[in-house]
Amino acid sequence: MSKKDLSLLVLILVVGTVVALINPRFLFVGNLSNTANQIGLFGIFSIAEAFIIIIGGIELSVGSVIALLGVLFIDLIVNHDVNWVVALAMIVAAGLVIGLVHGALVTRMRIQPFVVTLCGLLIYRGAARYYTEDATAGFGFGASFPTLEWLAAGRTNVLGFPLPHSVVALAVVAVIAWVVLHRSVFGRYLFAVGKNEEAARYSGIRTNRVIVSAYVICGGLTAFSAILIAMYTRSISPAVHGSFYELYAIAAAVLGGCSLRGGEGSIVGVVLGTVLLQVLQNLVNLLGIPSSLNFAVMGTVILAGVLGDQYLVQRRHRVGAAKDRVQASVAAAPFERVKVE
Amino acid sequence: MSEPFLELVDISKSYPGVVALDHVSLQVSPGEVIALIGENGAGKSTLMRVLGGVVEPSGGVIRVDGTARGSLTVADAIKAGIAFVHQELNLFDNLDVAGNVFIGREPVHGGPLRLIDRKRMYADVAPLLERLGCDFAADAPLAELSLAQRQLVEIMKALSLDARLVIMDEPTSSLTLAETDRLMRTVAGLKAHGVSIIFITHRLNEVMQCADRAVVLRDGRVVGALTRAELSPAAMIRLMIGRDLKSLYVPPAAPPGDSVLDIVDAVTDTYPGRAVSLSVRRGEILGLAGLVGSGRTELARAVFGIDPLRDGAIILDGEPIRIASPRAAIEQGIYLVPEDRKGAGLLLDVSITENISLPDLASYMRFWLVDTARENDNAVRQRERLKIRAPDVRTAVGSLSGGNQQKVVLAKWLSMRPKVLIVDEPTRGVDVGAKQEIYGMLRRLTDAGVAILMISSDMEEVIGVSDRLAVMHEGAISGFLDRSQFSEHNVLQLAVGHTIEAEGP
């Protein structure tokens with residue numbers, strides 16, 4: 001765990017303690033379990049976003065994809081009687097295709113990722129609303145998928161704590177993503193492309209292929225989380241479902257140490273970033289702060305966190321530079337002696 | 001001739017390990033055209049940066065209109081009437097001509113609103129357009145102008161600042177013959193108006209055409225000045241060279257073998273009309289000399305698959321190969337140490353270990369994961385072998401000195417199996433000690449059977465390290481030299497496009 005991750009963890013504990021002291025309900029099993037569920041749902045697509053941010057891109061269509069694919073998933077299993085396993089595979093495949101298209105537009109057509117995914121944000125949202133004729137998609141009376149519901153939105157009692165399955169899903173995704181990003185050859189390529197695409201190319205890395213792969217991974221993970229979120233909410237109003245989720249994802253990634261310039265970030269950090277965001281959400285509810293202030297509180301905390309981090313980095317640089325000066329003057333001394341003699 | 005208004009007296013500038021300028025003196029009188037010539041790295045650009053107020057000299061006096069000072073600021077330089085026409089033009093192609101001429105000092109009206117007074121701006125530009133005989137309008141978007149026209153815009157900008165001295169840094173390097181002619185007429189016109197010009201160029205016939213006198217720099221010193229009457233290409237070349245080159249040469253252990261890499265009629269996008277053919281043999285270092293911009297780096301990029309080859313063939317060990325990407329080149333054993341070390345060679349804030357393994361990660365792979373122990377072992381080995389001075393192989397390469405950074409780039413390729421190694425300016429920004437170590441490493445590689453193509457603008461390096469030389473001039477090979485023919489004179493002759501038979505020593 002890096003220093004950055006550690007300081008984020010400390011911040012989470014401090015915020016958590018303060019909330020718990022003011023309102024002990026924070027620590028109630030029910031509240032913790034609900035918060036954990038939110039973390040599980042938001043964590044998966046935040047990790048998806050992190051893959052894109054690490055290669056130096058950005059993905060703005062996450063929320064719209066969640067709405068569109070959520071609507072489609074429910075429609076498939078409820079109205080078209082598609083077996084839910086098949087439907088799940090179809091939806092994940094759709095997510096992969098969306099990622100492939102985004103990646104191709106970025107690498108082949110050389111369109112900026114911001115523009116590509118901004119168009120995606122508008123298109124998928126519109127498509128979702130048109131598809132349902134702006135009506136809420138949900139499970140009809142009597143429609144029931146016990147296995148799927150239990151898997152996606154159920155909770156299992158672990159030592160007296162009802163552990164939401166979304167948290168299990170997040171744990172699995174996070175472990176795999178951690179291995180891929182921090183231990184695999186492909187992960188090295190992702191970071192290399194994000195750090196310096198030119199140098200990566202000069203080292204023989206197929207940079208375009210790496211970039212497209214990142215978008216495909218992001219699309220697949222987003223689709224998976226879209227299904228979990230659809231099963232949790234059980235009804236989807238396509239105009240608002242998942243809106244702003246891309247911003248939650250970006251915020252979690254940035255809090256977790258990803259640089260929007262690319263080449264930096266850690267999975268542990270992104271998960272912790274998600275935890276902090278959900279704890280803050282919970283804080284607004286529990287401390288009786290008007291829920292309309294929700295976003296303002298989140299924005300303020302993120303800003304403060306980034307400012308604090310910047311301050312620490314600058315201080316480290318100043319200390320480092322001072323040390324270098326001392327070393328340089330020591331190193332230069334023998335040469336000066338030579339000159340004098 | 002009238003009194004000089006600008007005098008540089010004993011200007012020196014040293015950087016750690018390098019003396020860029022060594023007691024340089026220069027006087028500029030009104031209406032004078034001075035050609036400043038010298039090899040790459042002779043100190044021309046540094047001297048001009050001192051005049052522009054960008055570089056502070058470590059010694060000497062600058063006298064402007066009789067007032068002496070130790071250095072100029074950019075504002076001082078502008079006030080003194082010194083203006084630049086840069087090699088890379090400093091213009092905005094999203095603005096029009098008038099907007100560029102008045103950038104940063106637009107006439108305003110409307111009181112506190114500070115709106116741009118377009119009418120006045122265009123009115124002020126009109127006489128300048130006429131004076132330079134421009135064939136474009138004041139409201140022409142810059143993006144639609146040719147390079148030559150853009151240069152005129154730069155000159156107008158200088159004139160609108162009441163420049164008394166215009167410094168042109170290789171203004172003709174990308175112009176066609178007709179455009180060069182017109183620029184020469186512009187220079188003559190400025191001179192007639194009493195504007196002085198310092199003209200930096202590698203093209204000696206342009207010096208013959210327009211200069212009142214030529215000042216020759218070498219190794220940061222003024223080694224001679226030629227008056228109009230004394231000007232001749234032979235005299236200029238004689239002054240530009242004539243230094244004892246330190247003997248760096250270590251002969252190969254065995255005579256070179258068969259050719260490994262043949263480049264046949266290669267055409268790059270930069271010089272579409274010109275083809276390059278050369279071959280590099282097993283166990284030799286083929287030096288590729290030439291002036292900056294002669295197309296050497298473009299050739300290297302094309303052979304390494306960064307840019308597409310427009311035409312021609314690349315033959316490796318007698319087999320024609322197709323190189324569509326760096327990946328393909330690397331798979332064939334053709335590696336490139338790029339000119340831009342920081343931009344293209346390294347990931348600066350990544351460790352030595354990870355930089356070294358980057359091109360060859362697949363061979364450190366176990367079940368898709370990186371075998372960090374083996375990766376680390378190799379980095380440690382390479383650090384020993386190349387004497388990379390760093391506290392640890394986990395150190396970020398950005399914190400290393402230039403020489404050690406370059407050794408990391410070399411280590412990337414030495415960990416693999418090079419057949420052909422192309423090194424582009426291998427010791428630029430590298431200190432003397434590390435230079436020797438890098439040369440030693442190149443020689444050990446050729447003795448192990450590698451063919452090396454060494455692009456270099458450093459005369460000492462080109463002559464001192466290569467076994468054979470190819471010289472490029474404007475996108476084509478102007479000649480090959482064997483070691484017995486190596487001399488600075490011959491290299492320069494070829495580099496400026498002359499043949500050595502016709503104007504031999």
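**Notebook: salt bridges, the interface and local sites**

I began with Lys191(B), which is partly exposed, with a relative accessible area of 30%. I note at the outset that the model is predicted.

**Entry 1. The partner of Lys191(B)**

I looked up which side chain meets Lys191(B) in a salt bridge. The partner is Asp212(B), at 2.9 Å from N to O. The two residues belong to distant parts of the chain, 21 residues apart: Lys191(B) sits in helix H6 (residues 177-192) of chain B, and Asp212(B) in the loop between helix H7 (204-210) and strand S11 (213-218) of chain B. I then checked the accessibility of the acid. Asp212(B) has a relative accessible area of 19%, and because the cut-off for buried is under 20%, Asp212(B) counts as buried.

**Entry 2. Arg366(B) and Asp371(B)**

I turned next to Arg366(B), which forms a salt bridge with Asp371(B); the closest N and O atoms are 3.7 Å apart. Is each partner buried or exposed? Arg366(B) is exposed, at 52% relative accessible area, whereas Asp371(B) is buried, at 13% relative accessibility. I also recorded a network in chain B, in which salt bridges that share partners join Arg296(B), Glu339(B), Glu425(B) and Arg428(B).

**Entry 3. Salt bridges across the chains**

I asked how many salt bridges there are over all chains. The count comes to 28. One of them is formed by the side chains of Lys195(A) and Asp349(B), at 3.7 Å from N to O. This pair joins two chains, because Lys195(A) lies in helix H8 (residues 185-195) of chain A, while Asp349(B) lies in the loop between helix H11 (341-345) and helix H12 (352-357) of chain B. Lys195(A) is partly exposed, at 25% relative accessibility.

**Entry 4. The interface of chain A and chain B**

I looked up the extent of the contact between the chains. On the side of chain A, 17 residues are in contact with 31 residues of chain B. The area buried between the two chains is about 2,000 Å², and carbon and sulfur atoms give 58% of it. Which three residues supply more than any other three of the area that chain A buries against chain B? They are Arg188(A), Tyr202(A) and Ser203(A), and they supply 37% of that area.

I then went through the polar links. The count between chain A and chain B is three salt bridges. Arg188(A) also appears in a salt bridge, in which its side chain meets that of Glu375(B) at 2.5 Å from N to O. Across the interface, nine residue pairs are in polar contact, both residues being at pLDDT 80 or more.

I next asked which helices of chain A each supply at least two residues of the side that touches chain B. They are helix H7 (165-183), H8 and helix H9 (197-202). The largest share, five residues, comes from H8(A). By class, I recorded seven nonpolar, four polar and six charged residues on this side of chain A.

**Entry 5. Chain A as a whole**

I recorded 13 helices and four strands in chain A. Along its principal axes, the C-alpha trace spans about 95 × 55 × 35 Å. Of the 341 residues in chain A, 48% are buried. Among contacts between residues at least 6 apart in sequence, 76% join residues at least 24 apart.

I then checked the confidence. Chain A averages a pLDDT of 89, and 92% of its residues score at least 70. Over residues 325-341 of chain A, however, the pLDDT is below 50, and this stretch has zero contacts in the model beyond near neighbours in sequence. Where pLDDT is low, predicted coordinates should not be read in detail.

**Entry 6. Helix H1 of chain B**

I examined helix H1 (residues 44-52) of chain B. Seven of its nine residues are buried, so the helix is largely enclosed by the rest of the structure. The buried residues are Lys44(B), Thr46(B), Leu47(B), Met48(B), Val50(B), Leu51(B) and Gly52(B). After H1(B) comes Gly53(B), with a positive phi near 80°.

**Entry 7. The surroundings of Thr395(B)**

I last asked where Thr395(B) is placed. It is in the loop between helix H13 (372-386) and helix H14 (402-414) of chain B. Thr395(B) is buried, at 14% relative accessible area. A polar atom of its side chain lies 2.6 Å from the backbone oxygen of Asp392(B). Leaving aside residues up to four places away in sequence, Thr395(B) touches Val350(B), Ser351(B), Ile352(B), Ala390(B) and Leu400(B).

Key:
Residues numbered from 1 in each chain as written. Chains lettered and ligands numbered in written order. Heavy atoms only, no water. Salt bridge = Lys/Arg side-chain N within 4 Å of Asp/Glu carboxyl O. Buried < 20%, exposed > 50% of the residue type's maximum accessible area, 1.4 Å probe, protein only. pLDDT = per-residue confidence, 0-100. Contact = heavy atoms within 4.5 Å. Buried area = accessible area lost by both parts, 1.4 Å probe. Polar contact = N/O pair within 3.5 Å; in protein donor to acceptor, adjacent residues only side chain to side chain. Nonpolar A, V, L, I, M, F, W, Y, C, P; charged D, E, K, R; others polar.
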